[in-house]
Number of protein chains: 4
Amino acid sequence: MEPKAVNPEMIVALASGLAATRRRRIREKLESVGATVSLVEGSERHYFELRGEIAALQTLSIDSWPGVAKVMVLGESAMHWAPDKAKDCAPIQVGTHTVGVGELTIIAGPCAIEEQERALRIAERVGATGADLFRGGAYKPRTSPYAFQGLGADALPILEQVRRQTGLGIITEVLDARDVERVSQVADMLQVGSRNMHNYSLLKELGQASTPVLLKRGFASTIDEWLMAAEYILSGGNSMVVLCERGIRCGAASRKVVLDLGAISEVKQRTHLPVFIDPSHGSGEAYRVPSLARAAVAAGADGLLIEVHDQPWEALSDGRQALTPEQFDQLVPELRSIRTALGEKKTEYSEHVVESSSGEER
Amino acid sequence: MEPKAVNPEMIVALASGLAATRRRRIREKLESVGATVSLVEGSERHYFELRGEIAALQTLSIDSWPGVAKVMVLGESAMHWAPDKAKDCAPIQVGTHTVGVGELTIIAGPCAIEEQERALRIAERVGATGADLFRGGAYKPRTSPYAFQGLGADALPILEQVRRQTGLGIITEVLDARDVERVSQVADMLQVGSRNMHNYSLLKELGQASTPVLLKRGFASTIDEWLMAAEYILSGGNSMVVLCERGIRCGAASRKVVLDLGAISEVKQRTHLPVFIDPSHGSGEAYRVPSLARAAVAAGADGLLIEVHDQPWEALSDGRQALTPEQFDQLVPELRSIRTALGEKKTEYSEHVVESSSGEER
Amino acid sequence: MEPKAVNPEMIVALASGLAATRRRRIREKLESVGATVSLVEGSERHYFELRGEIAALQTLSIDSWPGVAKVMVLGESAMHWAPDKAKDCAPIQVGTHTVGVGELTIIAGPCAIEEQERALRIAERVGATGADLFRGGAYKPRTSPYAFQGLGADALPILEQVRRQTGLGIITEVLDARDVERVSQVADMLQVGSRNMHNYSLLKELGQASTPVLLKRGFASTIDEWLMAAEYILSGGNSMVVLCERGIRCGAASRKVVLDLGAISEVKQRTHLPVFIDPSHGSGEAYRVPSLARAAVAAGADGLLIEVHDQPWEALSDGRQALTPEQFDQLVPELRSIRTALGEKKTEYSEHVVESSSGEER
Amino acid sequence: MEPKAVNPEMIVALASGLAATRRRRIREKLESVGATVSLVEGSERHYFELRGEIAALQTLSIDSWPGVAKVMVLGESAMHWAPDKAKDCAPIQVGTHTVGVGELTIIAGPCAIEEQERALRIAERVGATGADLFRGGAYKPRTSPYAFQGLGADALPILEQVRRQTGLGIITEVLDARDVERVSQVADMLQVGSRNMHNYSLLKELGQASTPVLLKRGFASTIDEWLMAAEYILSGGNSMVVLCERGIRCGAASRKVVLDLGAISEVKQRTHLPVFIDPSHGSGEAYRVPSLARAAVAAGADGLLIEVHDQPWEALSDGRQALTPEQFDQLVPELRSIRTALGEKKTEYSEHVVESSSGEER
């Protein structure tokens, strides 16, 4: 199936004084790759207005063609995540819980599934506190090949048991296109981790799946790249995509990453997708998690992914950033109270569209 | 006046099998620069424990000395901003307003003072909405020498007039050590901008001043560097320092900077200084400001610095990120309601100091 | 097969004044995960020296355990790429060409295989100029799902034809663990692209392969992470790994990435692996490529990966950074002449191990 | 004196379907700030072509005005550093040495002046090896107020003595606008350090000086910002500016900064200014310096700034990155031999201006 994007617009400034024969040749090339081209005559130089598959056109580096001075894209490309495509997407059902823009979904659980008893104990505890979904890693991507890589397939029956016993929907990471089907049988939502956001083979496979996907932002990826990664899944036919920011790497950061909460308002303006925040990876240390979790809710996040472990200092991975169940118990009511405080009066702020001083409207 | 730091601790791992004569020579060098040295005998290598002026010792690159394997600092250096030095600092009085940890100070006003009438109009408007202090730039650091550089000294009488007419305390930026005295006569608080955080001549001058200082974090500076910049002022004798995070530059950021709200909990744990947030520079666009302002309050910020302009699209600088007075009117009650929601139940989360499974306490 | 690392060393500083019972508990936990522990008594605090699987120990966040003040690793972990493991690795044969430390391997060709005739034309041209290997992408990872994704499997017979006709060994990228076997039948060397450096499923699969691997550094990955990615392949049994730096993302970079030529000397000191440089991705624009290619050779690179296209402005991807064959013809003799100039007199500079002023040796 | 830039070009895309009255208002605003405006009619939207003080226009955030869709600048602004302004700049005389594009100036010396005897000893040694100028810091900007801050004014007579005794021209850093005159009496070239690149008060003062300036790039500044900082000096009337790249901060860098050698070809294409490289700060460790110094020369640098200390492990600052005189002796001939190897055949590579397939020329 060929993914298709429609209807954006591009303006190409030609070199000033470009010969007409040269201009025709550029026009032919543009038309040969499918663009609709119209000439605009300026005072010293001419321009081409293009319509068509702009995302594809952009990859041609038109601005490096002889005779082209510069190129500008006007308006957002019409991707599946564009606000006006919201109607194509049903609300996202994850187990018995509905994820949606304007809701506050709380996902909690340990970084990795270590053993069944512990997993059940944590799940029951966070469920009692009000977590909506349970998270727990079966397959763990680790920087070192010698680090604990997760229980792998052995963790899947444990996750199944957690769901059966607690009723909580399950979210777990999938690392390999070959595992998508198997993991989907257990998971209510599949997580693409930060290190795999650019793994397009995996994204294409998930585009064929019928399980919701939580797509984490790459730890050094721009919002544009993140949205294009979502487009890989959406354009493949799977419309159930939730975005999740988890911190981006930064030269001046004190713990390698900085949680980009500014992404929330930007993604909400540019797309119709829900945006979640992972304050655990975004903090790196447990004592910083509650502050950022509260901030995420106040900023308008639709959900949070919080690591909770009953003995963080014995965790096989990421213990440093896991909350204890007691800390999680304290935090959840704070998050709900912020939500409530903002609830009725939350205002939509748009880009400057304001009365001018003369009272003339835009 | 010589600034002095006291009492931290460093451990120096020596090369394994290092000869005793060599070890003595290293000890002598360490003692010659003022360290108190004690030998610790390991199984394969030996160590030196050091006490003294660790910040100074750190600059000696001891770990590059022949015979030294590695160096580790234990505990935070005892700087003037350390939590246990809180008693040395009185609450910070800015005009008639008291800035403090646990309060929410709202500073608002235009990026730059453009003309008196406009400045007064904006000041009265933000004061009516509940701003505690007025901000407005007289001297503007601009990337281009051809951009509007602020009115300079001509803006100072305008600021004075704003204070007289509205009663709001004034905060304005100082760029040059030579202007500190002059600007202090008008300003209730002096701002060090992001581009000057490493301007140590200016910081030393401010250490001699008796006006409070708002020290913005450098746009690519670590928290350690930021705190050391504060130490330049504090160690000079001026104890009235407020820190302000305004976004750090990042390869993956969509608008050059990412607002590092995680700095709030970290700075609060490591220091006794108030932490403010500048969501305007941290956003880059007005529509992203309210979301980050709310987040900052929820994360525990002690104050906000918000750009407000009555005609953002006519501003001579930074108009793109300025709120209109109407937007500011909507925002302030939201911020106060978050503060209230958290007020009573705000919990202090500390580093993992938790009951172990065996009930043994730490 | 369980990968194993051996023999490094770690020092754990305990909290000062820690109770003996607590200390024993920490010791037990360390021993339970396989560490050999010995106690070192300091003047105010005690330390544990650890030996064992340090890479695994590091993932336990020991420094977040109650009672632990800080942790320091001494010496490099004993990975398969460590200099003293060089003997385990034969020189790397790629087709008829031998890649090695101290040689200068030049790899050239288009970003993507677009059609057979063009591929052959470019291959013959770069072969005549002195390229040692031919590069050309069959599978292309693209940010947008609507961009040209490469010919995929259809490009493989073309690559085979290039080798048959020109005798040049072939290097091409593999994106998906499921393609490793198929691509290996055609390729003399498999490339892991920057976006897949953290794709551990793929790396594990390549560890089982018997084809040499060129491992590009992730566009925002540290050298430590890059070497650990190499360790995934090496520890799996495939000893034929070449590292390739291609630019890292940076907030202040003018074209998103900065080519990190400083990685060359660092990698050479820490490992026995060959280091290649990709000045094309590291430049982003063709006019910047020759300067960085020359720099790479002068810095000591063992090979270069250069994009060459006969009509860059018609390339379906990355045309902006491709050299023309004419430019490549000019460049290659320059590179060889730098190599020659340095050849005999190239000095190994080590870390400071120098005579001290008193003539005492280290 | 008002700095003036002339003659670039900007295109403003208006909102599609914008009312004529609105369009007129935008035109009036543009004309009121000095732009020459001409209307271009497109098929669905209209455009304004602007001429005038584009650098100033850019600061107005025109693209945030109601009714404006987007803005694009065509061509480089006509700054004093633009290639066609080369004729306005005489070659730069530093003491008896002439700095110039196409030459290789080697500057060497310690990070900081520590005492006269040592300064003289190092200066004589590096002079004998072939250094063209001597560097040594009097005023040192240090992250910690407790670190060695340089000897300050006490170092100036020592620098004077070095020049008298060795004949080498002197370059030293100036941190404070108030010191420019005093330091100029001793120095043949004034250095602006990385932390002061955005200190516009200092830059303006240097614009009034008649001493050459070496302007280091900010450690997180873009090339555009760096060139604008140069413009502050040039537009003030001081045409003797040399740029110096010294590494930029980066999340994935192994030693905080990455030396951006790609800046050389870019700066050379966009400006007529000499570009120097500081491989010492760009390396962070001495063993990495020679590789990057060689790379810099091969990349086309016009000069190098190398830290040399006779006892690096006793240096009061930056000892870790200083070469010993012996290492410097080895390095200089290597650098000269690379220069010679490239000398005659060094080619100018321009942006793609190539024969098209039909033989038509651009």
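Helices and strands here are DSSP runs, numbered from the N terminus, with at least four residues for a helix and at least two for a strand. All the views below come from a predicted model.

**View 1. B:Asp310 sits in a loop of chain B.** Look for B:Asp310 between strand S16 (303-307) and helix H10 (325-343) of chain B. B:Asp310 counts as partly exposed because it has 18 other C-beta atoms within 10 Å, while buried would take 20 or more and exposed 12 or fewer.

**View 2. The contacts of B:Asp310 reach far along the sequence.** B:Arg121 is 189 residues away in sequence, yet the two C-alpha atoms are just 8.3 Å apart in space. Neighbours within four places in sequence aside, B:Asp310 touches B:Arg118, B:Arg121, B:Ile122, B:Thr324 and B:Pro325.

**View 3. Chain A meets chain B.** On each side, 51 residues are in contact with the partner chain. Helices H8 (262-270), H9 (289-299) and H10 (325-343) of chain A are the elements that each give two or more residues to its side. H9(A) gives the most, with 8 residues. Sorted by class, the chain A side has 24 nonpolar, 20 polar and 7 charged residues.

**View 4. Chains C and D are related by a two-fold axis.** Turn chain D by 180°, with 0.0 Å of shift along the axis, and it lands on chain C with an RMSD of 0.0 Å. That is why the relation is that of a two-fold axis. In chain D, the C-alpha nearest the axis belongs to D:Ala295, 2.0 Å from it. The copies meet through the same surface, because 100% of the interface residues of chain D are also interface residues in chain C.

Key. Residues are numbered from 1 along each chain as its sequence is written. Chains are lettered from A and ligands numbered from 1 in the order in which they are written. This is a predicted model: local features need pLDDT of at least 70, side-chain atom pairs count only at pLDDT 80 or more; totals for chains, interfaces and linings use all residues. Copies are superposed by least squares on the C-alpha atoms of residues with pLDDT of at least 70 in both. Two residues are in contact if their C-beta atoms, placed from the backbone, lie within 7 Å. Ala, Val, Leu, Ile, Met, Phe, Trp, Tyr, Cys and Pro count as nonpolar, Asp, Glu, Lys and Arg as charged, and the others, Gly among them, as polar.
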